[in-house]
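Take a look at the chain shown here. The text below walks through it step by step.

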Amino acid sequence: MSENVASDIIVIGGGVIGLTLAAELSSRGRRVLILESQERVGEGTSWAAAGMLPPVDLMPPTEQFQDFFRYSCALWQEYSQMLQRETGLDNEFFRCGSVRLFEHVEDRDREMAFWKNLGIEVQAAETSQLEVGVNLG
């Protein structure tokens with residue numbers, strides 16, 4: 001398909017981040033063109049991540065990056081509410097925890113210390129406490 005589209009900015013990728021950038025730039029009066037390689041938006045990286053936005057990356061390149069990551073993640077709830085007000089659509093954003101399985105207690109303890117050090121609530125439980133009938137041993 002060949003179209004002449006006047007735009008100030010081109011955003012490559014129509015996933016969560018690309019669409020968020022495009023919406024924000026558009027709200028500031030910019031003409032935005034989104035280029036997406038998939039048939040529909042949100043079928044690339046956003047689909048692979050299943051919409052999860054963890055508060056930090058477990059393999060941090062720098063501490064400053066982790067601060068930025070946490071700050072960015074903290075903004076999603078407010079941004080989600082604004083999008084729902086403006087569009088009338090439920091984007092199904094909600095905060096929840098996750099379950100991580102570890103083969104070794106030392107690995108679990110090291111990761112728990114990492115999260116706690118960042119001020120993120122964590123707790124340990126045996127799999128049988130989480131789901132009846134789960135036995136990994």
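How many aromatic pairs does the structure hold? The structure, a predicted model, holds two aromatic pairs. One is formed by Trp76 and Tyr79. Their rings meet edge-to-face, 6.0 Å centre to centre, with 90° between the planes. Both residues sit in helix H3, three residues apart, so about one helical turn separates them. Trp76 counts as buried because its relative accessibility is 17%, under the 20% limit. Tyr79 is buried too, at 15% relative accessibility. Phe114 and Trp115 form an aromatic pair as well. This pair is also edge-to-face, at 6.0 Å centre to centre, and the angle between the planes is 85°. Phe114 is partly exposed, with a relative accessible area of 25%. Trp115, at 13%, counts as buried.

Now step back to the whole chain. The protein chain has five helices and two strands. Along the sequence they follow the pattern β-α-β-α-α-α-α. The chain has 137 residues, and 12% of them count as buried. Its accessible surface comes to about 11,300 Å². Carbon and sulfur atoms account for 54% of that surface. Now take the contacts between residues at least 6 apart in sequence. Of these, 36% join residues at least 24 apart.

Return to helix H3, where Ser80 lies. Is Ser80 buried or exposed? Ser80 is buried, because its relative accessible area is 5% and the limit is 20%. The side chain of Ser80 makes a polar contact of 2.8 Å with the side chain of Asn91. Leaving aside neighbours within four places in sequence, Ser80 is in contact with Asn91 and Phe93.

Next come the charged pairs. The count of salt bridges is six. In one of them, the side chains of Arg100 and Glu111 meet at 2.7 Å, N to O. This pair links distant parts of the chain. Arg100 is in the loop between helix H3 (63-87) and H4, while Glu111 is in helix H4, 11 residues apart from it. How do the two ends compare in cover? Arg100 counts as partly exposed, at 45% relative accessibility. Glu111 counts as buried, because its 12% lies under the 20% limit.

Helix H4 offers another salt bridge. Asp107 forms it with Arg110, and the closest N and O atoms are 2.4 Å apart. Why do these two sit about one helical turn apart? They are three residues apart in helix H4, so about one helical turn separates them. Asp107 is partly exposed, with a relative accessible area of 29%. Arg110 counts as exposed, because its relative accessibility of 55% is over 50%.

Asp109 and Arg108 form a salt bridge as well, with the closest N and O atoms 2.8 Å apart. Asp109 counts as partly exposed, at 38% relative accessibility. Arg108 is partly exposed at 25%. Elsewhere, salt bridges that share partners join Asp8, Arg30 and Arg31 into one network.

Past helix H4 there is a loop. Val122 lies in this loop, between helix H4 (105-117) and helix H5 (127-130). Which residues does Val122 touch, not counting those up to four places away in sequence? Val122 touches Met112, Trp115 and Lys116. Trp115 was met above, in the aromatic pair with Phe114. Val122 is partly exposed, because its relative accessible area of 24% falls between 20% and 50%. Glu111, the salt-bridge partner of Arg100, is 11 residues from Val122 along the chain. The C-alpha atoms of Val122 and Glu111 are separated by 9.6 Å.

Finish at the surface. Ile10, Ile12 and Leu35 make a nonpolar surface patch of about 320 Å². Ile10 lies in strand S1 (residues 9-12). At 49% relative accessibility, Ile10 counts as partly exposed, because the value is not over 50%.

Conventions. Residues numbered from 1 in each chain as written. Predicted model: local features only at pLDDT ≥ 70, side-chain atom pairs only at ≥ 80, totals over all residues. Heavy atoms only, no water. Helix = DSSP H or I, 4+ residues; strand = E, 2+ residues; numbered from the N terminus. Buried < 20%, exposed > 50% of the residue type's maximum accessible area, 1.4 Å probe, protein only. Contact = heavy atoms within 4.5 Å. Areas by Shrake-Rupley, 256 points an atom, 1.4 Å probe, with all protein chains shown as cover. Salt bridge = Lys/Arg side-chain N within 4 Å of Asp/Glu carboxyl O. Patch = residues over 30% accessible without salt bridge, like charges linked within 9 Å, V, L, I, M, F, W, Y side chains within 5 Å. Polar contact = N/O pair within 3.5 Å; in protein donor to acceptor, adjacent residues only side chain to side chain. Phe/Tyr/Trp six-rings, centres within 6.5 Å; stacked < 30°, edge-to-face > 60°.
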